[in-house]
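Here are a few notes to read alongside the model. I hope they help as you look around.

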Protein chains: 2
Amino acid sequence: MVRGSVTIRDVARHAGVSISTASRALGGGSASAKTRTKVQQAATALHFVPNTAAQQLITGRSNVVAIMITETPDFMFQDAFISSITSQLMNSFTKANLFPFLVLIAPNDAEGFARLLHNSRADGMVVVSFHYSEQFATVIEQFGRPTVFVGKPPLDMDYPYVDPDQLQGGRMAGQVLTARGRRHIAIIEGPTDMHSPNERNDRTTGCVRALHDAGLSPIATIPGPYTMRHGIEAAHEVLTEHPEVDGFFAHSDQIAAGVLHLLHQHDRHVPRDISVVGFDNFQVAGLVSPPLTTIAQPLNQLAEAATEMLCARLEQGQWPYRRKIFPVHLVERDSV
Amino acid sequence: MVRGSVTIRDVARHAGVSISTASRALGGGSASAKTRTKVQQAATALHFVPNTAAQQLITGRSNVVAIMITETPDFMFQDAFISSITSQLMNSFTKANLFPFLVLIAPNDAEGFARLLHNSRADGMVVVSFHYSEQFATVIEQFGRPTVFVGKPPLDMDYPYVDPDQLQGGRMAGQVLTARGRRHIAIIEGPTDMHSPNERNDRTTGCVRALHDAGLSPIATIPGPYTMRHGIEAAHEVLTEHPEVDGFFAHSDQIAAGVLHLLHQHDRHVPRDISVVGFDNFQVAGLVSPPLTTIAQPLNQLAEAATEMLCARLEQGQWPYRRKIFPVHLVERDSV
DNA sequence: CTGAAAGCGCTTACAG
DNA sequence: CTGAAAGCGCTTACAG
């Protein structure tokens, strides 16, 4: 590992074999058992560490895989979805003997993204949080190596992906609200730039369908970032313009926490006066007051599936499947 | 970027010059203005992206810098200190044209650490959260490249570092408690494995000195992880064994949040009956009830200094200085 | 099973 | 300023 250190040439000499034999003995090539031990002992004795740059130059493989996140570092570490899925991905890639490289970049810095991605030397990539822009789409395309999305990619980007069943999640949220007798329901959405401009958010669509089944329509649909602040501001807006509101479907627990916070400030009792449903089932869902009824998504399964897909693609040269959708389920607490 | 793609040879041919001239024109070498434009145009036209593996093989430099964190991914993303310092480091390294590689590894997996570090191809490293073990110390030593610590390294590891003034921070905490008339003060420490076994925690030492100046000693000193749970359990222990307790110094805001939580459960009023001081001044300090009086440390300055030190070492071949200590300050809220 | 040779894509003395 | 050549440390056909 130290600069100017021992090379395979030294190992070969020490073991009394040629360089090519040493290389084979160390790797998977053919070599007699005797030679193999001799060479491996030499390598150990000399603390030989192969030069990854040279290996990569020959084989074209780095065993590095990029995890792409278009968020500011601050947000990434505060956001439970991203940090959690990222940590799961790092775990499963490491288990698969791949080396995760975090490509963390602000949503407006496509050039920095290209540089970082290139310098990661990655063989493949998983996109965790993608805020759409043409430049970013172009960089991913030019990357030209196997790439899988966590979350459905924008319509014009045809990449394999894993996703929780968003439609079903939205439907469950709508159903639990209407079943409770709520009739004036507002939807506080996540950001709109994570899918194509003309595409509707699946969580919203699912919810709208459930409302429709009960003869209803949402009284408001307000997009924004996955933050508590967005929840607070959106709930404020709804309360002001639609004081009759009696139900909220928030697209994340964090947003729901903001909604609860505002309702509490305005002395609207949850769940007596108003019901609130979240999405994610993260830790915060159990900590807010009242504890939040929410839709749980299986993050670990998403991460594992993404890893498996990418590994298969890297090893067998083709995707085992193009997409995998995971069921979600309702976690009932006290906010409905 | 695509496999089997354009090389400098293609660029040279397209520009009508030799490979060596192309290389010089693209890099910092000598070349006529005319040649330089010609080559750069060719590179752009062909979408040339230099092969970093080849560059590294020649120059011995990758421009990658490792950020080492011996924690489980889960903890890292939940811990405000680590995630915050990491995100600041990533920012400042990126600004310095270096590529941060997160080496995130469980505290017991020294072998995995060695592999990850090696595969990062890093030119240097900054150690953010170091839980001591001989194996880890050995891996860092064998890494053999410039390494700087955030936080004072264990005594037997002589690496340059940046650190907030821990001693002064502890002293401030002690002083604000004694000034408030508290006389039965417990210290809830962070982990003990982050410094050498026979070494005392500097935050504790500072606090003990302040108590000593007031003719006091701590009634208890309880180490543990930087978590809310540790705060809860330790406060419970103190309350049980030393019911006379009237002051807590928690080594992190997170621990303090746990202490506050437990005191609330046991109907001990803060700050009327008991005072609590934290450390960090993270967001949680303003959110708990009552808002927490705490010691603020300048994370961004720590990160920037670490980056500067490492950059200087990488470019000029020597450390500009071996350590840099940053002042901390007391942030008074309502818990004392 | 083993060794000599070619070559991955660059950079950098060395001559001119 | 420019080109031909050497070489970074490996791996992998190719012969034997």
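Is B:N119 buried or exposed?

1. B:N119 is buried, because its relative accessibility is 11% (buried is under 20% relative accessible area, exposed over 50%, partly exposed in between, with a 1.4 Å probe and protein chains only). The residue belongs to helix α7 of chain B, residues 110-119 (helices are DSSP runs of H or I, at least four residues; strands are runs of E, at least two). Leaving aside residues up to four places away in sequence, B:N119 touches A:T52, A:S62, A:V64 and A:F99 (contact means heavy atoms within 4.5 Å).

2. A word on conventions: this is a predicted model, in which local features need pLDDT of at least 70 and side-chain atom pairs count only at pLDDT 80 or more, while totals for chains, interfaces and linings use all residues. Residues are numbered from 1 along each chain as its sequence is written, chains are lettered from A in the order in which they are written, and side-chain values use heavy atoms, without hydrogens and water.

3. Now the two copies. A turn of 180° with a shift of 0.0 Å along the axis lays chain B on chain A with an RMSD of 0.0 Å (least squares on C-alpha atoms of residues with pLDDT of at least 70 in both). The copies are therefore related as by a two-fold rotation axis. In chain B, the C-alpha nearest the axis belongs to B:A53, 2.3 Å from it.

4. The copies meet through the same surface, because 100% of the interface residues of chain B are also interface residues in chain A.
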